[in-house]
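Work through the exercises below with the sequence and the model side by side, and try each task before reading its solution.

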Amino acid sequence: MQLNNNVTEFILLGLTQDPVRKKIVFAIFLIFYLGILLGNLLIIATIKTSRALGSPMYFFLFYLSFCDTCFSTSIAPRMIVDALMKKTTISFSECMIQVFTFHFFGCLEIFILILMAVDRYVAICKPLHYTTIMSHRVCGVLVALAWVGSCVHSSAQIFLALSLPFCGPNVIDHYFCDLQPLLDLACADTYVTNLLLVSNSGAICTVSFVMLMFSYVIILHSLRNHSAEGRKKALSTCISHIMVVILFFGPCIFIYTRPATTFSTDKTIAVFYTIGTPLFNPLIYTLRNAEVKNAMRMLWSKKLVSDDQR
């Protein structure tokens, strides 16, 4: 539903308009994006080829890396190319596609993080029933539900975006299309739309964050009953998850749970969850996880052996 829309394209101002700084942005974010692809695709390949990483935790980690790859790809490539352009425009249709894909994979990542917390809770608090509760079938169904929920969320975002009338200004002071900067361009009262935005994206971020932190408090509390070795291993895994949760949800809550006002720091803060989280997730999960590191070494060893045999 597109109403009274005289705008066919938007102008993205990006992170900066300074020509020198734009070149720096291009170089830095190209390196970051290549790091995101390398780290996440390496995890995906390792989990897919290693029999040792067949537990539900790595099943969810596979999808988290997949989400990070797609989530950053919905933003980074265009942002990098735009840094080389004098004037960067994005068509109305491309803008709506970016809103959909960005929110779809962002929401999917939130749901996957929740599933990873559930997995850790069952593994640590209900160890005797773990294989029954977190069976491959159950995990598959949970991920499928996460995809459906993400589709519903992103469809709602698109509906809100298409309901906004644009009849004049088309300059977006951001490096990607999102509802918050689009609200500033709408030539109508956006109070209700912003309320719906906060109740949708804001509520998902805040409620999910509270649920996740509460679940990890319960998990950490239950570790008192475990052996020293088991406690150390579980604590290492949980700390990794908590680091990822804080890094992702902190900026998201700041952006999506406030009234329709934009700050000069919004673009910088958005970098943390659009680029920072997908970049740091592979480092956090591999550097603190001996099983993943060992599986990566085995994968690399197999590649070297196969290359030598040619």
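**Exercise 1. Place Phe102 in the fold, decide whether it is buried or exposed, and list its contacts.**

Solution. Start with the secondary structure: Phe102 belongs to helix α4, where helices (H or I, at least four residues) and strands (E, at least two) are DSSP runs numbered from the N terminus. The model is a predicted one, in which local features need pLDDT of at least 70 and side-chain atom pairs count only at pLDDT 80 or more, whereas totals for chains, interfaces and linings use all residues. Residues are numbered from 1 along each chain as its sequence is written, and side-chain values use heavy atoms, with hydrogens and water left out.

Next, take the accessibility: Phe102 has a relative accessible area of 3% and is therefore buried (buried is under 20%, exposed over 50%, partly exposed in between, with a 1.4 Å probe and protein chains only). Finally, collect the contacts (heavy atoms within 4.5 Å): not counting residues up to four places away in sequence, Phe102 touches Phe71, Ser74, Ile75, Phe176, Asp178, Tyr256, Tyr273 and Thr274.

**Exercise 2. Which residues have the most contacts inside the largest nonpolar core, and which helix gives this core its largest share?**

Solution. A nonpolar core is a set of buried Ala, Val, Leu, Ile, Met, Phe, Trp, Tyr and Cys residues joined through side-chain atoms within 4.5 Å. The largest one holds 92 residues, and Phe10 and Tyr273 have the most contacts inside it. Its largest share, 18 residues, is supplied by helix α4 (residues 92-125). Turning to Tyr273, and leaving aside neighbours within four places in sequence, one finds contacts that include Phe71, Phe102, Phe176, Phe248 and Pro251.

**Exercise 3. Compare Thr193 and Ile31: is each buried or exposed?**

Solution. Thr193 is found in helix α8 (residues 191-222), and its relative accessible area of 13% is why it counts as buried. Outside its neighbours within four places in sequence, Thr193 is in contact with Leu160, Leu164 and Leu183. Ile31, by contrast, lies in helix α1 (residues 19-49) and is exposed, because its relative accessibility is 59%.

**Exercise 4. Describe the largest pocket by its volume, its lining and the elements that contribute to it.**

Solution. About 370 Å³ of space lies in this pocket, and 17 residues line it, with Met57, Arg120, Lys233, Ala234 and Thr237 nearest its centre. The elements giving two or more residues to the lining are α2 (56-73), α4, α9 (228-256) and α11 (290-309); of these, α9 gives the most, with five residues.

**Exercise 5. Where does UniProt place the transmembrane regions, and how much of residues 235-256 is helix?**

Solution. The unreviewed UniProt entry places this feature at residues 24-45, 57-76, 96-118, 138-160, 201-223, 235-256 and 268-287. Over residues 235-256 the model is 100% helix and 0% strand, with the end C-alpha atoms 31 Å apart. For residues 201-223 the corresponding values are 96% helix and 0% strand, and the end C-alpha atoms lie 33 Å apart.

Terms used
UniProt positions renumbered as here; feature names shortened; annotations may be inferred. 1 Å grid on protein atoms, 1.4 Å probe; cavity = no way out; pocket = protein on both sides within 12 Å on 5 of 7 lines; lining within 4 Å. Points joined across faces, edges and corners; volume = space filled by probe spheres on them.
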